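Welcome! Take a moment to look over the sequence and the model, and then we can walk through some of the features together.

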Amino acid sequence: MLKKIRCFYWKQRDQGKGRRCMAGFVLLALCLVALGFWMSFRAYYSVYREEIPTTSVSGGAVTGVSVSGTAVSGGGISEPVNPEITPDLESQISVTEEPRGYELDTDGLKIFLGFMTDASYESMVSALKIECEKEQATSVVKMEYQKTSAKSSNVTSYVLSNVGSVYQVDYNLRSDSVIVTKSSYSESDVLSIKKAEDKREQEKLKKEREKVKKKQTAKKKKSKAKKKTHKDVG
């Protein structure tokens with residue numbers, strides 16, 4: 001067969017029709033390939049249709065099985081089934097969501113780690129969560145005002161929740177203990193205390209500067225007086 005095809009091709013080539021003959025061979029090959037794909041697809045589709053179960057309904061809407069007045073299970077016959085009360089499989093699946101635990105955004109408290117130990121910080125956060133959960137607050141932040149006692153090594157800070165509650169945090173640097181209590185202050189009260197404290201600090205600093213300035217002025221006057229005395233003596 002191949003020999004005859006080659007002879008046919010050589011004859012056509014000798015007549016100057018080699019390219020046209022080759023194109024015909026290629027077209028014929030493509031047609032055979034397409035025909036093979038089509039036959040394979042039809043065979044697969046016919047097998048697929050035979051595998052799909054057919055359904056027939058008599059007396060109601062039932063999916064997946066053939067029903068005619070009674071429900072057949074295995075080889076026995078059970079009691080008549082009313083298709084109107086046939087439960088839907090999807091309705092039998094109850095979707096239950098797991099209850100979410102209480103969450104509190106504590107990113108605004110990380111500044112405490114600048115002078116607190118990790119253990120004390122965790123204790124403070126736990127105590128704040130207990131207090132904030134009562135009011136369903138979702139976030140807390142450390143306020144700017146802070147008071148430190150040099151004698152007792154106690155640091156008093158204030159924490160503000162998003163619902164407006166203010167909590168006082170007392171941390172002792174020596175004993176590494178922390179106490180969290182709900183304060184009676186409001187946000188404006190703490191800001192007023194901070195302003196008053198800042199004002200006292202500024203007045204104190206101003207007095208100290210004036211005191212230093214007076215000393216410097218007195219020292220300059222004394223130095224000038226000494227120079228004048230030496231000049232008079234000379």
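## A loop, a crossover and two cores

S153 is found in the loop that runs between β6 and β7 (154–161). Please keep in mind that this is a predicted model. Is S153 buried or exposed? Its relative accessible area is 13%, so S153 counts as buried, the cut-off being under 20%. Not counting residues up to four places away in sequence, S153 touches Y171, N172, L173 and R174. For one of these, N172, the C-alpha atom is 5.8 Å from that of S153, although the two residues are 19 apart along the chain.

Now let us turn to the strands. β5 (residues 105–108) pairs with β6 (residues 139–149) in the parallel sense, over two bridges. Within this pairing, D105 stands opposite S139 of β6. Helix α4 (residues 118–135) joins β5 and β6 in a β-α-β unit, and this unit is left-handed.

T106 is a residue of strand β5. Its relative accessibility is 17%, and therefore T106 counts as buried. Leaving aside neighbours within four places in sequence, T106 is in contact with Y121, V125 and V140.

Here are the two buried residues side by side, with contacts listed beyond four places in sequence.

| Residue | Place | Relative accessible area | Contacts |
|---|---|---|---|
| T106 | strand β5 | 17% | Y121, V125, V140 |
| S153 | loop between β6 and β7 | 13% | Y171, N172, L173, R174 |

Next comes the nonpolar interior. Which residues have the most contacts inside the largest nonpolar core? They are L109, F112, M124 and V159, in a core of 16 residues. Both α4 and β8 (166–172) supply at least two residues each to this core. The largest share, five residues, comes from α4. Looking at M124 itself, and leaving aside its neighbours within four places in sequence, we find contacts with L109, F112, M116, V169, V178 and V180. Another core, of six residues, lies apart from the largest one and includes Y145, Y158, V166 and V190.

Finally, have a look at the rings. How many aromatic pairs does a search of the whole structure find? The search finds five. Ring pairs bring F112, F115 and Y171 together in a cluster. F112 has a charged partner too: the charged end of K142 sits over the F112 ring, 5.4 Å from its centre. So F112 turns up in several places on this tour: among the residues with the most contacts in the largest core, in the ring cluster, and beneath the charged end of K142.

Methods
Residues numbered from 1 in each chain as written. Predicted model: local features only at pLDDT ≥ 70, side-chain atom pairs only at ≥ 80, totals over all residues. Heavy atoms only, no water. Pairing = 2+ DSSP bridges. Helix = DSSP H or I, 4+ residues; strand = E, 2+ residues; numbered from the N terminus. Right-handed = clockwise from strand over helix to strand, strands pointing away. Core = buried A, V, L, I, M, F, W, Y, C linked by side-chain atoms within 4.5 Å. Buried < 20%, exposed > 50% of the residue type's maximum accessible area, 1.4 Å probe, protein only. Contact = heavy atoms within 4.5 Å. Phe/Tyr/Trp six-rings, centres within 6.5 Å; stacked < 30°, edge-to-face > 60°. Lys NZ or Arg CZ within 6 Å of the ring centre and 35° of its normal.
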